[in-house]
Amino acid sequence: AVTDDPAHADAELAMDMLLLGETMLRSDDDAEATTAGDGLAVLSGLGPVDLHRLAAHRLPSVRAIAIHGWADAEGQPPGLPAQLAADPSALVRRRVAQFASTVLTRLGPAAAEPILEQLRADRAWSVRYHLTRSLSRQVAAERRHPREHGQMVAATGSWPAGEAPRQERN
């Protein structure tokens with residue numbers, strides 16, 4: 001789309017891409033639907049994408065993409081990680097586990113804990129493994145950057161489970 005204002009051209013292009021993605025998402029071709037899901041997840045940070053529609057898709061690969069869109073859309077809608085954590089497909093639950101640190105940061109400890117607990121008790125080993133990896137990477141990052149971690153604690157009002165403030169030694 002060509003306009004005098006480049007910002008409008010980007011907005012028009014994004015809307016055209018959203019419409020195309022929505023159309024492709026309905027395709028019977030699994031590869032095409034997955035590609036559409038990927039594109040819509042990326043666009044969710046720029047425009048209104050119905051992430052619940054991705055989360056309810058017939059293909060587990062498309063449902064798994066919904067958590068990417070949720071992260072790009074800054075944690076909106078807030079109930080999506082819980083829905084995806086209860087998905088029948090281990091692929092979807094594993095993807096949520098890979099985003100566990102983002103879920104914790106965006107939702108806060110109180111809202112994230114039931115989701116994390118569900119993933120900790122998941123019957124699939126790969127889900128539990130990726131949950132542990134995601135959360136341990138967050139703890140390692142917090143240890144490397146304690147000031148940023150302190151800011152996160154100030155924003156959420158609590159320390160992550162198992163963590164406590166370190167005492168400075170003189």
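**View 1. Helices H4 and H7 sit oblique to each other in this predicted model.** The two axes cross at roughly 40 degrees and come within 11 Å. With angles of 35 to 65 degrees falling outside the parallel and perpendicular classes, this pair is therefore counted as oblique. H4 passes H7 in a left-handed crossing. On the H4 side, look for Ile67, Trp70 and Ala71; on the H7 side, the contact is made by Thr102, Val103, Arg106 and Leu107. Sorted by class, the residues in this contact come to 5 nonpolar, 1 polar and 1 charged.

**View 2. Trp70 and its neighbours.** Here we zoom in on a single side of the story. Trp70 belongs to the H4 contact with H7, and its partners there turn up again in its own contact list: Thr102, Val103, Arg106 and Leu107 are among the residues it touches. Beyond H7, Trp70 also touches Leu51, Gly75, Gln76, Pro77, Pro78, Leu80 and Pro81. That list leaves out residues up to four places away in sequence.

**View 3. The largest nonpolar core, with Trp70 among its best-connected members.** This core has 37 residues. Which residues have the most contacts inside it? They are Trp70, Leu84 and Leu119. H4 supplies the largest share of the core, 6 residues. As a bit of background, nonpolar side chains tend to be buried together in soluble globular proteins.

**View 4. H4 alongside H6, roughly parallel.** Swing over to another partner of H4. H4 covers residues 60-72 and H6 covers residues 90-98. Their axes come within 8 Å and cross at roughly 15 degrees. Angles under 35 degrees count as roughly parallel, so H4 and H6 fall into that class. H4 passes H6 in a right-handed crossing. From H4, the contact takes in Pro60, Ser61, Arg63, Ala64, Ile67 and His68; from H6, it takes in Leu91, Val92, Arg95 and Val96. The tally by class is 6 nonpolar, 2 polar and 2 charged. If Ile67 looks familiar, that's because this residue of H4 is in the contact with H7 as well as in the one with H6.

**View 5. H2 packed against H4.** The axes of these two helices are 8 Å apart, and the packing angle is about 10 degrees. That makes H2 roughly parallel to H4. H2 brings Ala33, Thr34, Gly37, Asp38, Ala41 and Val42 to the contact, while H4 brings Ser61, Val62, Ile65, His68, Gly69 and Asp72. By class there are 5 nonpolar, 5 polar and 2 charged residues here. Ser61 and His68 of H4 appear in this contact and also in the one with H6.

**View 6. Ser27, in the loop between H1 and H2.** The loop lies between H1 (6-25) and H2 (30-43). Is Ser27 buried or exposed? Its relative accessible area is 13%, so Ser27 counts as buried. Setting aside neighbours within four places in sequence, Ser27 is in contact with Glu32, Ala33 and Arg58. Ala33 is also part of the H2 contact with H4.

**View 7. Zooming back out to the whole protein.** There are 10 helices and 0 strands. Of the 170 residues, 41% are buried. Among contacts between residues at least 6 apart in sequence, 58% join residues at least 24 apart.

Technical notes:
Residues numbered from 1 in each chain as written. Predicted model: local features only at pLDDT ≥ 70, side-chain atom pairs only at ≥ 80, totals over all residues. Heavy atoms only, no water. Axes fitted to C-alpha atoms, helices over the stretch in contact; angles between N-to-C directions. Helix = DSSP H or I, 4+ residues; strand = E, 2+ residues; numbered from the N terminus. Parallel < 35°, antiparallel > 145°, perpendicular 65-115°, else oblique. Left-handed = near helix turned anticlockwise from the far one by under 90°. Contact = heavy atoms within 4.5 Å. Nonpolar A, V, L, I, M, F, W, Y, C, P; charged D, E, K, R; others polar. Core = buried A, V, L, I, M, F, W, Y, C linked by side-chain atoms within 4.5 Å. Buried < 20%, exposed > 50% of the residue type's maximum accessible area, 1.4 Å probe, protein only.
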